[in-house]
Amino acid sequence: MKKKVNKLTETGSDIDCVSAAVSASVKSFRQQQKLSLDELSRRAGVSKGMLVEIEKGSANPSIAILCKVAAALGISVADIVNVTADPLAHLVAEEDIPVLWQGEKGGTARLLAGTRGPDMIELWRWEMFPGEQFASPGHPQRTYELLHVEQGELTLKVDEQQLQVPRGSSAVAKTAAPHSYANLGELPLIFTMAVAEIHS
(Lines give C-alpha, C1' and ligand atoms only; values in the text may rest on other atoms or scores of the structure.)
Protein backbone atom coordinates (compact mmCIF):
# COMPACT_ATOMS: atom_id res chain seq x y z
CA MET A 1 0.00 0.00 0.00
CA LYS A 2 1.31 3.43 -0.88
CA LYS A 3 1.74 5.67 2.12
CA LYS A 4 0.82 9.30 1.63
CA VAL A 5 2.86 11.18 4.20
CA ASN A 6 1.49 14.60 3.39
CA LYS A 7 -1.80 15.58 1.85
CA LEU A 8 -1.29 18.04 -0.95
CA THR A 9 -3.89 20.02 -2.82
CA GLU A 10 -4.48 20.90 -6.44
CA THR A 11 -4.78 24.60 -5.58
CA GLY A 12 -2.03 26.49 -7.43
CA SER A 13 -0.23 23.39 -8.61
CA ASP A 14 -1.35 19.99 -9.86
CA ILE A 15 -0.45 17.29 -7.35
CA ASP A 16 0.86 14.96 -10.05
CA CYS A 17 3.17 17.67 -11.41
CA VAL A 18 4.58 18.36 -7.94
CA SER A 19 5.15 14.64 -7.30
CA ALA A 20 6.81 14.23 -10.69
CA ALA A 21 9.09 17.24 -10.10
CA VAL A 22 10.10 15.99 -6.65
CA SER A 23 10.70 12.46 -7.96
CA ALA A 24 12.87 13.55 -10.89
CA SER A 25 14.81 16.15 -8.90
CA VAL A 26 15.69 13.94 -5.94
CA LYS A 27 16.83 11.12 -8.19
CA SER A 28 18.82 13.45 -10.44
CA PHE A 29 20.62 15.27 -7.61
CA ARG A 30 21.34 11.97 -5.83
CA GLN A 31 22.83 10.43 -8.98
CA GLN A 32 24.85 13.56 -9.77
CA GLN A 33 26.48 13.20 -6.35
CA LYS A 34 26.91 9.45 -6.84
CA LEU A 35 25.01 8.69 -3.65
CA SER A 36 23.30 5.38 -3.08
CA LEU A 37 19.82 5.34 -1.59
CA ASP A 38 21.36 3.85 1.56
CA GLU A 39 23.83 6.73 1.90
CA LEU A 40 21.23 9.40 1.25
CA SER A 41 18.97 7.70 3.79
CA ARG A 42 21.76 7.81 6.38
CA ARG A 43 22.62 11.46 5.70
CA ALA A 44 19.03 12.68 5.65
CA GLY A 45 17.66 10.56 8.47
CA VAL A 46 14.85 9.43 6.15
CA SER A 47 14.07 5.75 5.59
CA LYS A 48 15.30 4.11 2.40
CA GLY A 49 11.75 2.94 1.74
CA MET A 50 10.48 6.51 1.79
CA LEU A 51 13.24 7.62 -0.58
CA VAL A 52 12.34 4.79 -2.98
CA GLU A 53 8.69 5.90 -2.90
CA ILE A 54 9.70 9.53 -3.48
CA GLU A 55 11.85 8.63 -6.48
CA LYS A 56 9.05 6.48 -7.90
CA GLY A 57 6.67 9.43 -7.54
CA SER A 58 4.29 7.42 -5.36
CA ALA A 59 4.75 9.39 -2.11
CA ASN A 60 3.99 13.01 -1.31
CA PRO A 61 6.70 13.83 1.25
CA SER A 62 6.01 16.32 4.02
CA ILE A 63 7.80 19.66 4.18
CA ALA A 64 9.96 18.26 7.00
CA ILE A 65 11.10 15.32 4.87
CA LEU A 66 11.80 17.57 1.88
CA CYS A 67 13.91 19.80 4.13
CA LYS A 68 15.94 16.82 5.39
CA VAL A 69 16.53 15.45 1.90
CA ALA A 70 17.45 18.87 0.52
CA ALA A 71 19.93 19.50 3.35
CA ALA A 72 21.52 16.08 2.85
CA LEU A 73 21.96 16.84 -0.87
CA GLY A 74 23.23 20.38 -0.24
CA ILE A 75 20.37 21.95 -2.16
CA SER A 76 17.18 23.86 -1.33
CA VAL A 77 13.57 22.72 -1.26
CA ALA A 78 13.01 25.13 -4.14
CA ASP A 79 15.57 23.14 -6.17
CA ILE A 80 13.56 19.99 -5.54
CA VAL A 81 10.18 21.39 -6.55
CA ASN A 82 11.58 23.31 -9.53
CA VAL A 83 10.71 26.89 -8.63
CA THR A 84 14.29 28.09 -9.14
CA ALA A 85 16.07 29.00 -12.35
CA ASP A 86 19.46 30.31 -13.52
CA PRO A 87 18.65 33.69 -15.17
CA LEU A 88 19.24 36.96 -13.34
CA ALA A 89 15.47 37.34 -13.09
CA HIS A 90 12.66 34.96 -13.90
CA LEU A 91 8.93 34.62 -13.44
CA VAL A 92 7.26 31.91 -11.38
CA ALA A 93 3.75 31.78 -12.82
CA GLU A 94 0.82 31.31 -10.45
CA GLU A 95 0.07 27.87 -11.87
CA ASP A 96 3.68 26.79 -11.20
CA ILE A 97 3.66 27.66 -7.50
CA PRO A 98 3.53 24.38 -5.57
CA VAL A 99 1.35 23.71 -2.55
CA LEU A 100 3.49 21.67 -0.14
CA TRP A 101 1.12 21.38 2.81
CA GLN A 102 -2.62 21.21 3.25
CA GLY A 103 -4.34 21.38 6.61
CA GLU A 104 -7.26 19.27 7.70
CA LYS A 105 -9.65 22.17 7.13
CA GLY A 106 -8.21 23.30 3.79
CA GLY A 107 -5.35 25.55 4.85
CA THR A 108 -2.31 25.64 2.58
CA ALA A 109 1.40 26.43 2.52
CA ARG A 110 2.69 27.54 -0.86
CA LEU A 111 6.37 27.90 -1.77
CA LEU A 112 6.15 31.13 -3.75
CA ALA A 113 9.80 31.31 -4.79
CA GLY A 114 13.25 30.23 -3.71
CA THR A 115 16.92 30.37 -4.53
CA ARG A 116 19.25 27.45 -5.17
CA GLY A 117 21.01 25.77 -2.25
CA PRO A 118 22.87 25.04 -0.12
CA ASP A 119 22.69 28.67 1.10
CA MET A 120 19.12 29.51 0.24
CA ILE A 121 16.24 31.88 0.75
CA GLU A 122 12.60 30.84 0.34
CA LEU A 123 9.36 32.83 0.30
CA TRP A 124 6.19 31.12 1.57
CA ARG A 125 2.54 32.07 1.93
CA TRP A 126 0.53 30.24 4.57
CA GLU A 127 -3.21 30.15 5.08
CA MET A 128 -4.52 28.36 8.17
CA PHE A 129 -8.09 27.95 9.27
CA PRO A 130 -9.10 27.96 12.96
CA GLY A 131 -7.72 24.91 14.74
CA GLU A 132 -5.04 24.08 12.15
CA GLN A 133 -1.36 23.79 13.01
CA PHE A 134 1.94 22.70 11.49
CA ALA A 135 4.95 21.40 13.43
CA SER A 136 8.57 20.97 12.30
CA PRO A 137 11.35 19.08 14.09
CA GLY A 138 13.78 21.89 13.25
CA HIS A 139 16.12 22.86 10.44
CA PRO A 140 19.94 23.00 10.15
CA GLN A 141 21.82 25.47 12.35
CA ARG A 142 21.76 29.07 11.09
CA THR A 143 18.23 28.83 9.73
CA TYR A 144 16.12 31.94 10.24
CA GLU A 145 12.48 32.65 9.54
CA LEU A 146 10.91 36.08 9.10
CA LEU A 147 7.13 36.07 9.41
CA HIS A 148 4.50 38.74 8.78
CA VAL A 149 0.83 38.27 9.63
CA GLU A 150 -1.61 39.71 7.11
CA GLN A 151 -4.82 38.40 8.69
CA GLY A 152 -5.77 36.71 11.96
CA GLU A 153 -3.27 35.86 14.68
CA LEU A 154 -0.34 33.43 14.48
CA THR A 155 0.72 31.35 17.46
CA LEU A 156 4.42 30.73 16.88
CA LYS A 157 6.25 28.29 19.13
CA VAL A 158 10.03 27.77 18.95
CA ASP A 159 11.32 25.20 21.40
CA GLU A 160 9.72 26.29 24.70
CA GLN A 161 9.09 29.92 23.70
CA GLN A 162 5.66 30.91 22.41
CA LEU A 163 4.70 34.17 20.68
CA GLN A 164 1.34 35.55 19.66
CA VAL A 165 1.78 37.49 16.42
CA PRO A 166 -1.30 39.63 15.64
CA ARG A 167 -2.37 41.04 12.29
CA GLY A 168 0.08 43.63 11.00
CA SER A 169 2.95 42.41 13.20
CA SER A 170 6.08 40.46 12.32
CA ALA A 171 8.35 37.98 14.05
CA VAL A 172 11.90 36.68 13.66
CA ALA A 173 12.73 33.12 14.68
CA LYS A 174 15.82 30.90 14.78
CA THR A 175 14.33 27.61 13.65
CA ALA A 176 17.06 25.05 14.16
CA ALA A 177 14.95 24.14 17.20
CA PRO A 178 11.60 22.36 16.90
CA HIS A 179 8.90 24.88 16.04
CA SER A 180 5.27 25.17 15.08
CA TYR A 181 2.70 27.54 13.61
CA ALA A 182 -0.93 27.43 14.72
CA ASN A 183 -4.20 29.26 14.31
CA LEU A 184 -5.80 29.19 17.75
CA GLY A 185 -8.15 32.05 16.91
CA GLU A 186 -11.60 32.21 15.36
CA LEU A 187 -10.63 33.86 12.05
CA PRO A 188 -8.61 32.54 9.10
CA LEU A 189 -4.87 33.20 9.45
CA ILE A 190 -2.75 34.37 6.54
CA PHE A 191 0.98 35.02 6.87
CA THR A 192 4.00 35.29 4.64
CA MET A 193 7.33 33.80 5.64
CA ALA A 194 10.87 34.14 4.37
CA VAL A 195 13.30 31.36 5.28
CA ALA A 196 17.08 31.82 5.11
CA GLU A 197 19.33 28.80 5.54
CA ILE A 198 23.02 29.68 5.72
CA HIS A 199 25.74 27.04 5.48
CA SER A 200 28.85 28.97 4.41
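UniProt positions are quoted in the numbering used here, with shortened feature names, and such annotations may be inferred rather than shown by experiment. On that footing, an unreviewed UniProt entry places the feature "domain: HTH cro/C1-type" at residues 26-80, a span that is 71% helix and 0% strand, with its end C-alpha atoms 6 Å apart. The structure is a predicted model, in which local features need pLDDT of at least 70 and side-chain atom pairs count only at pLDDT 80 or more, whereas totals for chains, interfaces and linings use all residues. Residues are numbered from 1 along each chain as its sequence is written, and side-chain values use heavy atoms, with hydrogens and water left out.

**Helix α3**

- Helices (H or I, at least four residues) and strands (E, at least two) are DSSP runs numbered from the N terminus, and in α3, residues 48-56, the buried residues (under 20% relative accessible area with a 1.4 Å probe, protein chains only) are Met50, Leu51, Ile54 and Glu55.
- These residues lie on the same side of α3 because they cover an arc of only 135° around the axis, the arc being that of the directions from the helix axis to the C-beta atoms.
- Just after α3, glycine 57 takes a positive phi of about 80°.

**The open sheet**

- Six strands form an open sheet in the order β1-β2-β3-β10-β5-β8, with antiparallel pairing, where two strands count as paired if DSSP finds at least two bridges between them.
- The edge strands, each pairing on one side only, are β1 (99-102) and β8 (170-174).
- From one strand to the next the twist averages 20°, with axes taken as lines fitted to C-alpha atoms (for helices over the stretch in contact) and angles running from 0 to 180 degrees between N-to-C directions.
- Strand β1 pairs with β2 (residues 108-114) over 3 antiparallel bridges, and tryptophan 101 stands opposite alanine 109 in β2.
- Strand β5 (residues 143-151) pairs with β8 over 5 antiparallel bridges, and glutamate 145 stands opposite alanine 173 in β8.
- The covered face of β8 has Ala171 and Ala173, while Ser170, Val172 and Lys174 are on the uncovered one.

**Packing and core**

- Helix α4 (residues 63-73) packs on the sheet, touching β1, β2, β3 (120-128) and β10 (189-197), where contact means heavy atoms within 4.5 Å.
- The largest nonpolar core, a set of buried Ala, Val, Leu, Ile, Met, Phe, Trp, Tyr and Cys residues joined through side-chain atoms within 4.5 Å, has 48 residues, and those with the most contacts inside it are Trp126, Tyr181 and Phe191.
- Helix α4 gives the largest share of this core, 8 residues.

Conventions
Buried < 20%, exposed > 50% of the residue type's maximum accessible area, 1.4 Å probe, protein only.
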